[in-house]
Amino acid sequence: MTAFESFVAGPWGAAVAIAGMALVTYLCRIAGVVVMSRVRITPRIERGLRALPGSIIMATILPVVIDAGVPAMLAIAAAVFVMAVTRIDLASLAVGLGAISLLRALGV
Amino acid sequence: MGSPFGIGAPARLTGKAVKGTEQSLMSTLRPHFSSAGFKHGARLAVPAFPGFIMFALAFGAAAAQKGLSLGETLGLSAFVYAGASQMVGLEIWQKVWTPSTILTIITVTAVVNVRMILLGATLQPWLRDEPKLRSALNLFLLTEAGWIISTRYHSEGGRDVGILLGSAAILYVVWLGATLAGYFAGAFVPDPRRFGLDLVMPVFFSIMLVPLWKGVRPALPWLVAGLVSLVVHALVPGYLFIAAGALAGVVAGMLIE
């Protein structure tokens, strides 16, 4: 058994795991800024990055919402409608969550 | 939606940031940092609280159930600070570690969090002239929800980095507090499904899509992102579908003139 093997098998193993996870996550957090400060931002790259906020939202929620079924889709439609009309984010959130609980209570 | 500042909330937002001085135009166009912006950013983050609280409660409860110590649980929330990877990490958490299980958990964490590279890339022009140390802190606190709030502010013409740091800092505090609460009280949290709280993040993200809407054409990459994420989600286990879909959206954005 090497020294590192016996070290991580002991009480410090969890701390090493957390430190490793933290380090690799921080590298992901700073990598984009570090890379982009060395790349010249062409109009093409700018167009791509401008598409990112909406893309990451769609990529995050679409599979989850489809798995969650019809009540989730109806509730999100309601929340988006309220947001489009009022532009009040907290009210829209409340409408969305209210709609889900209502639809689930009704057994939709 | 034609004017750069939009309607409703945006007017409130920019009005707050510039305080009606004659340099208002400059201060909205050039990146800068203000403590008023920091406080305003903290307020802008409030709609993201429910999602953060639910996720951190769930993580704290799952960690306690899995037998992690309080120190380990808070350590993950405080230093890794990335919900999805923390949850996945719990699934492969060990009582006794070996170099290979440590390498595995680091690799899995990297795969789940690789999407953050894209978030950082969009922030670079905004942070270009910032002090290195403040950017290091800002990026440590980077999350999707905080980034989406700040992106909305930025797309409406705001350039105060205080908004970015303020919204990120308050979300970090909420995350740690709710992790702690979940660790001790997880068993007492009522069925979150009944109140739709399992879907609070998707609902919040959908709402934030509305101010980003600039017409059908700019939204075509979103469609590509959604379709690719659906396909990857169906074929590959884990959270890779987020990074794959987001990357597909960026590529589509580059290709569509």
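This is a short chat about a predicted model with chains A and B.

Student: How many residues does each chain put into the contact?
Tutor: Chain A gives 65 residues and chain B gives 78 residues.

Student: Which helices of chain A supply that side?
Tutor: Six helices each supply at least two residues: α1 (3-9), α2 (13-36), α3 (43-50), α4 (52-68), α5 (70-86) and α6 (89-105).

Student: Which one has the largest share?
Tutor: That is α2(A), with 19 residues of the side that touches chain B.

Student: And by class, what is on that side of chain A?
Tutor: It has 45 nonpolar, 12 polar and 8 charged residues.

Student: OK, the core. Which residues touch the most other members of the largest nonpolar core?
Tutor: A79(A), V203(B), F204(B) and A246(B) do. That core has 105 residues.

Student: What does F204(B) touch, leaving out residues up to four places away in sequence?
Tutor: On chain A, F204(B) touches L93(A). On chain B, F204(B) touches P47(B), A48(B) and G51(B).

Student: Switching to annotation. Where does UniProt place the "transmembrane region" feature in chain A?
Tutor: The unreviewed UniProt entry places it at residues 12-35, 56-84 and 90-107.

Student: What does the model show over residues 12-35 of chain A, helix or strand?
Tutor: Helix: the chain is 96% helix and 0% strand there. The end C-alpha atoms are 34 Å apart.

Student: How far apart are the end C-alpha atoms of residues 56-84 of chain A?
Tutor: They lie 20 Å apart. This span is 97% helix and 0% strand.

Student: Now chain B. What domains are assigned?
Tutor: Domain 1 covers 1-209 and domain 2 covers 215-257.

Student: How many residues of each are in contact?
Tutor: 7 residues of domain 1 of chain B are in contact with 7 residues of domain 2.

Student: Which helices supply the domain 1 side?
Tutor: In chain B, α6 (83-91) and α7 (99-113) each supply at least two residues of the domain 1 side that touches domain 2.

Student: What classes are on that side of domain 1?
Tutor: There are 6 nonpolar, no polar and 1 charged residues on the domain 1 side of chain B.

Student: Last one, K39(B). Which helix is it in?
Tutor: K39(B) lies in α3 of chain B, residues 35-44.

Student: Why does K39(B) count as partly exposed?
Tutor: Because K39(B) has 15 C-beta neighbours inside 10 Å. Buried needs 20 or more, and exposed needs 12 or fewer.

Student: How far is K39(B) from L165(B) in space?
Tutor: The C-alpha to C-alpha distance is 9.3 Å. In sequence, K39(B) and L165(B) are 126 residues apart.

Key:
Residues are numbered from 1 along each chain as its sequence is written. Chains are lettered from A and ligands numbered from 1 in the order in which they are written. This is a predicted model: local features need pLDDT of at least 70, side-chain atom pairs count only at pLDDT 80 or more; totals for chains, interfaces and linings use all residues. A nonpolar core is a set of buried Ala, Val, Leu, Ile, Met, Phe, Trp, Tyr and Cys residues joined through C-beta atoms within 7 Å. Two residues are in contact if their C-beta atoms, placed from the backbone, lie within 7 Å. Helices (H or I, at least four residues) and strands (E, at least two) are DSSP runs, numbered from the N terminus. Ala, Val, Leu, Ile, Met, Phe, Trp, Tyr, Cys and Pro count as nonpolar, Asp, Glu, Lys and Arg as charged, and the others, Gly among them, as polar. Domain bounds come from an automatic or database domain assignment. UniProt positions are given in the numbering used here, feature names are shortened, and annotations may be inferred rather than shown by experiment.
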